[in-house]
Amino acid sequence: MMERAIPVEFIAAMERGLARGRAKGWKGWDSEWREYGHALSGNILILLLAKFTEEVEELQTLTLDGITERQQLLDEASDVANMAMMLADFQISIDGPGMK
């Protein structure tokens with residue numbers, strides 16, 4: 001089976017999405033984690049999962065409505081990927097070295 005490289009334009013869309021968030025003042029889940037510690041872990045996880053679900057629903061709506069713009073599809077799909085990345089990063093940071 002031939003391996004496919006991650007398209008550069010998809011990675012660029014992910015980076016643009018993160019930049020848009022920073023421009024809006026978002027610092028990421030980890031800034032709250034550092035400030036308030038482990039006590040917020042459950043709340044942060046719930047918020048991240050809710051945002052992930054919201055992004056998946058936006059992508060579903062877009063694709064079911066028959067998307068016609070490549071950039072819009074890339075932007076929505078990269079939002080899902082960014083949230084998945086944040087969820088994984090969050091869980092790894094909590095479980096740390098004990099994660100198998």
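Tutor: Welcome! pLDDT is the predictor's confidence in each residue, from 0 to 100. We need that here, since this is a predicted model.

Student: Thanks! What pLDDT does the protein average?

Tutor: Two numbers give the overall picture. A pLDDT of at least 70 is reached by 80% of the residues. Over the protein, the average is 82.

Student: In which helix is confidence lowest?

Tutor: Let's go to both ends of the scale. Confidence is highest in helix H1, residues 8–23, at a mean of 91. Where pLDDT is low, the predicted coordinates should not be read in detail. The lowest mean, 56, belongs to residues 29–36, which form helix H2.

Student: How many helices does the protein have?

Tutor: Follow the chain from the N terminus and the elements run α-α-α-α. There are zero strands. The count of helices is four.

Student: What share of the contacts with a separation of 6 or more joins residues 24 or more positions apart?

Tutor: Here we set aside pairs with a separation under 6 and look at the remaining contacts. Among these, residues 24 or more positions apart account for 70%.

Student: Which helix gives the most to the largest nonpolar core?

Tutor: That core has five residues: Ile44, Leu48, Met83, Leu87 and Phe90. Helix H3 (41–64) and helix H4 (70–95) each supply at least two of them. With three residues, the top contributor is H4.

Student: How far apart are the end C-alpha atoms of H4?

Tutor: H4 has 26 residues, and at 1.5 Å a residue it should span 38 Å. The distance in the model agrees with that expectation. Its end C-alpha atoms are apart by 37 Å.

Student: Is serine 78 buried or exposed?

Tutor: Serine 78 sits in helix H4, where the buried residues also include Leu74, Asp75 and Val80. A residue counts as buried when its relative accessible area is under 20%. Serine 78 has 0% relative accessibility, so it is buried.

Student: Which residues does serine 78 touch, beyond those up to four places away in sequence?

Tutor: One clue is a polar atom of the serine 78 side chain, 3.4 Å from the backbone oxygen of alanine 13. That places alanine 13 on the list, along with two others. The residues touched are Phe10, Ala13 and Met14.

Student: Finally, what percentage of the protein's residues is buried?

Tutor: The protein has 100 residues, and its accessible surface comes to about 7400 Å². Carbon and sulfur atoms hold 60% of that surface. The buried share of the residues is 23%.

Terms used:
Residues are numbered from 1 along each chain as its sequence is written. Side-chain values use heavy atoms; hydrogens and water are left out. Helices (H or I, at least four residues) and strands (E, at least two) are DSSP runs, numbered from the N terminus. Buried means under 20% relative accessible area, exposed over 50%, partly exposed in between (1.4 Å probe, protein chains only). Contact means heavy atoms within 4.5 Å. Accessible areas come from the Shrake-Rupley method with a 1.4 Å probe; for residues, only the protein chains shown count as cover. A nonpolar core is a set of buried Ala, Val, Leu, Ile, Met, Phe, Trp, Tyr and Cys residues joined through side-chain atoms within 4.5 Å. A polar contact is a pair of N or O atoms within 3.5 Å; within protein, one must be able to donate a hydrogen and the other to accept it, and residues adjacent in sequence count only if both atoms are side-chain atoms. The expected span of a helix is 1.5 Å times one less than its number of residues.
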